[in-house]
Amino acid sequence: MALDWAQGLVGFCGVYLIVGVIFAIVFVAAGLRRIDVAAKDMPWSARLLVFPGVVALWPLMLAKWLARQQPPVA
């Protein structure tokens, strides 16, 4: 019983990580500048620093990306 629960938890974490990586690739390439105007000129080296955080917090970033209809006014 405990082994099944642990395997399910590891499976869930694996799926969460895979979805997070896929989302982060798309988000860092296209969605980041929609949330933050200053990210428009952000170099790729700085975007790579944001990548792990987006992988970990992808549901929050997805909600922010979908809630933002237009880029914010700077």
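**Helix packing in a three-helix predicted model**

I begin with one helix pair: α1 and α3 pack at an angle of about 35°, with their axes 10 Å apart. These axes are lines fitted to C-alpha atoms, for helices over the stretch in contact, and the angles run from 0 to 180 degrees between N-to-C directions. Helices here are DSSP runs of H or I with at least four residues, strands are runs of E with at least two, and both are numbered from the N terminus.

This is a predicted model, in which local features need pLDDT of at least 70 and side-chain atom pairs count only at pLDDT 80 or more, while totals for chains, interfaces and linings use all residues. Residues are numbered from 1 along each chain as its sequence is written, and side-chain values use heavy atoms, with hydrogens and water left out.

To return to the pair, α1 passes α3 in a left-handed crossing. On the α1 side, the contact (heavy atoms within 4.5 Å) involves Tyr 16, Val 19, Gly 20, Phe 23, Val 26, Phe 27, Gly 31, Arg 34 and Ile 35. On the α3 side, Trp 58, Pro 59, Met 61, Leu 62, Lys 64 and Trp 65 take part. A crossing is called left-handed if the near helix is turned anticlockwise from the far one by less than a right angle, and right-handed if clockwise.

One residue of α3 deserves a separate word. Leaving aside neighbours within four places in sequence, Trp 58 touches Tyr 16, Val 19, Gly 20 and Phe 23.

The second pair is α1 and α2. Their axes come within 8 Å and cross at roughly 140°, and here the crossing is right-handed. From α2, the contact is made by Trp 44, Arg 47, Phe 51, Val 54, Val 55 and Ala 56; the α1 residues include Leu 17, Val 21, Ala 24, Val 28 and Leu 32.

I turn now to the shape of the helices themselves. How far does α1 span between its end C-alpha atoms? It spans only 42 Å, whereas a straight helix of 34 residues would span 50 Å at 1.5 Å a residue; the expected span is 1.5 Å times one less than the number of residues. α1 also bends by about 60° at Val 28, where the bend is the angle between axes fitted to the seven residues ending at that position and the seven starting there.

By contrast, α2 has 13 residues and reaches 19 Å from its first C-alpha to its last, close to the 18 Å expected. α2 bends by about 30° at Val 50, and Pro 52 follows within four residues.

Next, burial. Buried means under 20% relative accessible area, exposed over 50%, and partly exposed in between, with a 1.4 Å probe and protein chains only. In α1, the buried residues are Gly 20, Phe 23, Ala 24, Phe 27, Val 28, Gly 31 and Leu 32, and they pack against α2 and α3. In α2, Arg 47, Val 54 and Val 55 are buried, and the buried residues of this helix pack against α1 and α3.

These helices meet in the largest nonpolar core, which has ten residues: Phe 23, Ala 24, Phe 27, Leu 32, Ala 39, Val 54, Val 55, Trp 58, Met 61 and Trp 65. α1 (2-35), α2 (44-56) and α3 (58-67) each supply at least two of them, and α1 gives the most, with four. A nonpolar core is a set of buried Ala, Val, Leu, Ile, Met, Phe, Trp, Tyr and Cys residues joined through side-chain atoms within 4.5 Å.

Finally, the loop between α1 and α2. Is Asp 41, which is found there, buried or exposed? Asp 41 counts as exposed because its relative accessibility is 69%. Pro 43 lies in that loop as well and, at 45%, counts as partly exposed.
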